[in-house]
Amino acid sequence: MSNVPSQILVPVMHGVTFEELDQVTPTLASRGGFSTAEEPMEDIAVKIAELVGIVTEEEADELNMVPATS
């Protein structure tokens, strides 16, 4: 069983960096999360799946090794 609460908010920003967000709203930028401007959506999806317990750390590492297809 996962230690993650049943309800969790994981901010995912599309095309915006945390530095850019910090210029507009430092409070939101300090909350953490993921940004597609800083890493591929595929990697973000794997990290979220690991966070909520859908995949294990080992499975996430294996998925991160698989090259993305176009």
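Between which strand and which helix does the loop with Gly-15 lie? I looked this up before anything else, and I found Gly-15 in the loop between strand E1 (12-13) and helix H1 (18-24). I note at the outset that I am reading a predicted model, and that every value below is computed from it.

**Entry: overall layout and confidence**

I counted the secondary structure of the protein chain as four helices and two strands, and, reading along the sequence, I wrote down the pattern β-α-α-β-α-α. Of the 70 residues of the chain, 20% count as buried. The chain exposes about 5,500 Å², of which carbon and sulfur atoms supply 55%. Among the contacts with a separation of 6 or more, I found that 23% are accounted for by residues 24 or more positions apart.

I then checked how far the prediction can be trusted along the chain. The average pLDDT is 80, and 81% of the residues score at least 70. Confidence is highest in E2, at a mean of 93, and lowest in H4, at 72. I keep in mind that, where pLDDT is low, predicted coordinates should not be read in detail.

**Entry: Gly-15 and its surroundings**

I returned to Gly-15, which counts as partly exposed because its relative accessibility is 48%. Leaving aside neighbours within four places in sequence, I found Gly-15 in contact with Glu-20, Thr-36 and Ala-37. For the pair Gly-15 and Ala-37, I noted a separation of 22 residues in sequence against 4.5 Å in space, taken from C-alpha to C-alpha.

**Entry: Thr-36**

From Gly-15 I moved to its contact partner Thr-36, which is placed in the loop between strand E2 (34-35) and helix H3 (41-51). Which backbone atom of Gly-15 lies 2.7 Å from a polar atom of the Thr-36 side chain? I found that it is the backbone nitrogen of Gly-15. The side chain of Thr-36 is also joined to the side chain of His-14 by a polar contact of 2.9 Å. Not counting residues up to four places away in sequence, Thr-36 touches Met-13, His-14, Gly-15, Met-41 and Ile-44.

**Entry: Ser-35**

Is Ser-35 buried or exposed? I recorded Ser-35 as buried, because its relative accessible area is 1%, and I placed this residue in strand E2. A polar atom of the Ser-35 side chain lies 2.4 Å from the backbone oxygen of Val-16, and the side chain of Ser-35 also reaches the backbone nitrogen of Ala-37 at 3.1 Å. With residues up to four places away in sequence set aside, Ser-35 touches Met-13, Val-16, Thr-17, Phe-18 and Ile-44. Ile-44 is listed for Thr-36 and again for Ser-35, and I found Ile-44 buried in H3, together with Val-46 and Ala-49.

**Entry: the salt bridge**

How many salt bridges does the count come to? I arrived at one salt bridge, in which the side chains of Glu-39 and Lys-47 meet at 2.6 Å, N to O. I then compared the accessibility classes of the two partners. Glu-39 is buried, because its relative accessible area of 19% falls under the 20% cut-off. Lys-47, at 33% relative accessibility, counts as partly exposed.

**Entry: the end of H3 and the nonpolar patch**

Just after H3, I noted that Gly-53 takes a positive phi of about 90°. Ile-54 lies in the loop between H3 and helix H4 (57-65), and this residue counts as exposed because its relative accessibility is 65%. Which residues make the nonpolar surface patch of about 340 Å²? I found that Ile-8, Leu-51, Val-52 and Ile-54 make this patch.

**Entry: Ser-30**

My last look was at Ser-30, which is found in the loop between helix H2 (26-29) and E2. Ser-30 counts as exposed, because its relative accessibility of 61% is over the 50% cut-off. I also noted that Ser-30 and Glu-19 are 11 residues apart in sequence and 9.9 Å apart in space, C-alpha to C-alpha.

Notes: Residues are numbered from 1 along each chain as its sequence is written. Side-chain values use heavy atoms; hydrogens and water are left out. A polar contact is a pair of N or O atoms within 3.5 Å; within protein, one must be able to donate a hydrogen and the other to accept it, and residues adjacent in sequence count only if both atoms are side-chain atoms. Contact means heavy atoms within 4.5 Å. Patches are made of residues with over 30% relative accessible area and no salt bridge: like charges are joined within 9 Å, nonpolar side chains (Val, Leu, Ile, Met, Phe, Trp, Tyr) within 5 Å. Accessible areas come from the Shrake-Rupley method with a 1.4 Å probe; for residues, only the protein chains shown count as cover. A salt bridge is a side-chain nitrogen of Lys or Arg within 4 Å of a carboxyl oxygen of Asp or Glu. Buried means under 20% relative accessible area, exposed over 50%, partly exposed in between (1.4 Å probe, protein chains only). pLDDT is the predictor's confidence in each residue, from 0 to 100.
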